[in-house]
Amino acid sequence: MAAFVLLENGPEMVASWINLSAGVQVNGTPAFEAAHGKDIWSYAVGDESFSKLINDAMACGARVVTVPAIIKGCPEVFDGVGSLVDVGGGNGTASGLLVKAFPWIRGINFDLPHVVCDAEQSHGVENVGGDMFQSIPITDAIFIMQVLHDWGDDECIEILKKCREAIPKDNGKVIIVETIMEEEENLGDELKSVRLKIDMAMMAHTDKGKERTLKEWDYVLGQAGFSRHNAKHIRAVHSVIEAYP
Ligand SMILES: C[S@@+](CC[C@H](N)C(=O)[O-])C[C@H]1O[C@@H](n2cnc3c(N)ncnc32)[C@H](O)[C@@H]1O
């Protein structure tokens, strides 16, 4: 987890925490933007080492906890999936692990061009650069992990609409890996405080990002035109939501 510690304790992220109270109490400016003059993803385009640190930090969690928990906890999600695009897949760690576990899948790791140019080369995974707000490669299914929580509802709905356009109307699906926050204050498992901390981190590091309750997921998925979805809990802070056109 060294990359994660280096990222959260590095000057860029610490500066955004320092600007959080003023953003919340005084001027409403997102904390990362107040500290650096632009949002985190625009900043990362111009700073190669910061961009690499984000990707390495995200890959730690994916490799050690989240993807193994998905593979063990709900392998049926990948039954019959011939091609899978990992939207915002970073350095391709998740795609590589999923294709290794489910070798019938042809994987595409899709992220911004400056990110995929440094991505891992894994057997069965192609790296494709692009912008998820513009278009996403056509595929049987989409995997999108810890991406939607970086964005406010309007952007989230836009991204989900692009996901829906990329999959077949009859049997396509979007596999979302995100936290599901408890609606009631006195409910929750032992990981509830971790989810609340991630929510705070989204507030500090992104413009309008947040963790969502099931009701909030219902709202964004409905607005993006998905007809139904279900949530599966795994042994991790995240859950798996399957959404159907
Ligand atoms: C929090 S990281 C998640 C990485 C990976 N999915 C994981 O869970 O380890 C969010 C990812 O979204 C990508 N991203 C941000 N804006 C994007 C865009 N417009 N199009 C495609 N990817 C984007 C970032 O480069 C980053 O890799």
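**Close-up views of the predicted model**

**Figure 1. Residue classes in the lining of the second largest pocket.** In this predicted model, the lining of the second largest pocket comprises 7 nonpolar, 3 polar and 5 charged residues. The lining numbers 15 residues in total, and those that lie nearest the pocket centre are Asp189, Arg195, His233, Ala236 and Ser239. The volume of this second largest pocket is about 200 Å³.

**Figure 2. The shell of residues around the ligand.** Around the ligand there are 16 residues, of which Gly88, Asp111, Asp131, Met132 and Met145 come nearest. Sorted by class, this shell has 8 nonpolar, 5 polar and 3 charged residues.

**Figure 3. Polar contacts of the ligand with Asp131, Met132 and Gln146****.** An N or O atom in the side chain of Asp131 is 2.8 Å from a nitrogen atom of the ligand. At Met132 the backbone takes part: one of its N or O atoms lies 2.9 Å from a ligand nitrogen atom. For Gln146, a polar side-chain atom lies 3.1 Å from an oxygen atom of the ligand. On its own, the ligand has 590 Å² of accessible area, and the protein covers 95% of that area.

**Figure 4. The protein chain that forms the setting of these views.** The protein chain contains 11 helices and 9 strands. Its radius of gyration is 17 Å, close to the 18 Å given by the globule rule for 245 residues, so the chain is as compact as a globular protein of that length. Taken along the principal axes, the C-alpha atoms of the protein chain fill a box of roughly 50 × 40 × 35 Å.

How values were computed:
Residues are numbered from 1 along each chain as its sequence is written. This is a predicted model: local features need pLDDT of at least 70, side-chain atom pairs count only at pLDDT 80 or more; totals for chains, interfaces and linings use all residues. Side-chain values use heavy atoms; hydrogens and water are left out. A residue is near a molecule or strand if one of its heavy atoms lies within 4 Å of it. A polar contact is a pair of N or O atoms within 3.5 Å; within protein, one must be able to donate a hydrogen and the other to accept it, and residues adjacent in sequence count only if both atoms are side-chain atoms. Accessible areas come from the Shrake-Rupley method with a 1.4 Å probe; for residues, only the protein chains shown count as cover. Ala, Val, Leu, Ile, Met, Phe, Trp, Tyr, Cys and Pro count as nonpolar, Asp, Glu, Lys and Arg as charged, and the others, Gly among them, as polar. On a 1 Å grid over the protein atoms alone, a cavity is a set of points where a 1.4 Å probe fits but cannot get out, and a pocket is an open set with protein on both sides within 12 Å along at least five of seven lines; lining residues have an atom within 4 Å of a point. Grid points are joined across faces, edges and corners, and a volume is the space filled by probe spheres set on the points. Helices (H or I, at least four residues) and strands (E, at least two) are DSSP runs, numbered from the N terminus. The radius of gyration is taken over C-alpha atoms; the globule rule is 2.2 Å times the number of residues to the power 0.38.
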